[in-house]
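The following report describes the nonpolar packing, one helix and a surface patch of a predicted model. The sequence and structure are shown first.

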Amino acid sequence: MKTAAAIEEYLDYVQVERGLSATTLKNYRRWLDHFQGWLKAKGPGEIDIKELSSDVIWKYRLFLAGRPRANRSGSLARTSQRYFLIALRSMLRYLTKRGMTVLAPDQIDLPKPSPRQLKVLDEHSVERLLA
């Protein structure tokens, strides 16, 4: 099964069986279509989903992180990179459950999230808030 067909089948599944919201479904489509576009433009091209390897995923991760940076003004935040990869892992998990021999979803490592910066209100701000 070609990658594009696998993506469509998975999106049908999450829409019907998992009952994802329209917004979530739209995001999954965007993230998986981005991967498909990368495969065609920068990766190995249209491949059979069974040919998806850790090496291909690593190259995609480098692309998401902004390497190489040709024609890009910046890179995606780590949190955004995680969303792209989570959608891909979820699709692979679905295909595995269907009995297809594909890359194991747990072989796709997610980027560690950026540390969160906590903002603390000073005493004056707390008083204004409570007033």
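## Nonpolar core

In this predicted model, the largest nonpolar core comprises 32 residues, and within that core I49 and M91 have the most contacts. At least two core residues are supplied by each of helix 1 (3-16), helix 2 (22-41), helix 3 (54-64) and helix 4 (78-97), and the largest share, eight residues, comes from helix 4. In soluble globular proteins, nonpolar side chains tend to be buried together.

When residues up to four places away in sequence are not counted, M91 touches A6, I7, Y10, L32 and I49; I49, one of these partners, is also the residue named alongside M91 for the most contacts inside the core.

## The buried side of helix 3

The buried residues of helix 3 are V56, I57, Y60, R61, F63 and L64. Because these residues cover an arc of only 160° around the axis, they lie on the same side of helix 3. An α-helix has 3.6 residues a turn, so residues three or four places apart point the same way.

The partners against which the buried residues of helix 3 pack are helix 2 and helix 4. Just after helix 3, G66 takes a positive phi of about 100°.

## A nonpolar surface patch

On the surface, L121, V126, L129 and L130 form a nonpolar patch whose accessible area is together about 430 Å². Of these residues, V126 has its place in helix 5 (residues 123-130), and V126 is classed as partly exposed because its relative accessible area is 33%, a value that falls between the 20% limit for buried and the 50% limit for exposed.

Technical notes:
Residues numbered from 1 in each chain as written. Predicted model: local features only at pLDDT ≥ 70, side-chain atom pairs only at ≥ 80, totals over all residues. Heavy atoms only, no water. Core = buried A, V, L, I, M, F, W, Y, C linked by side-chain atoms within 4.5 Å. Buried < 20%, exposed > 50% of the residue type's maximum accessible area, 1.4 Å probe, protein only. Helix = DSSP H or I, 4+ residues; strand = E, 2+ residues; numbered from the N terminus. Contact = heavy atoms within 4.5 Å. Patch = residues over 30% accessible without salt bridge, like charges linked within 9 Å, V, L, I, M, F, W, Y side chains within 5 Å. Areas by Shrake-Rupley, 256 points an atom, 1.4 Å probe, with all protein chains shown as cover. Salt bridge = Lys/Arg side-chain N within 4 Å of Asp/Glu carboxyl O. Arc of directions from axis to C-beta.
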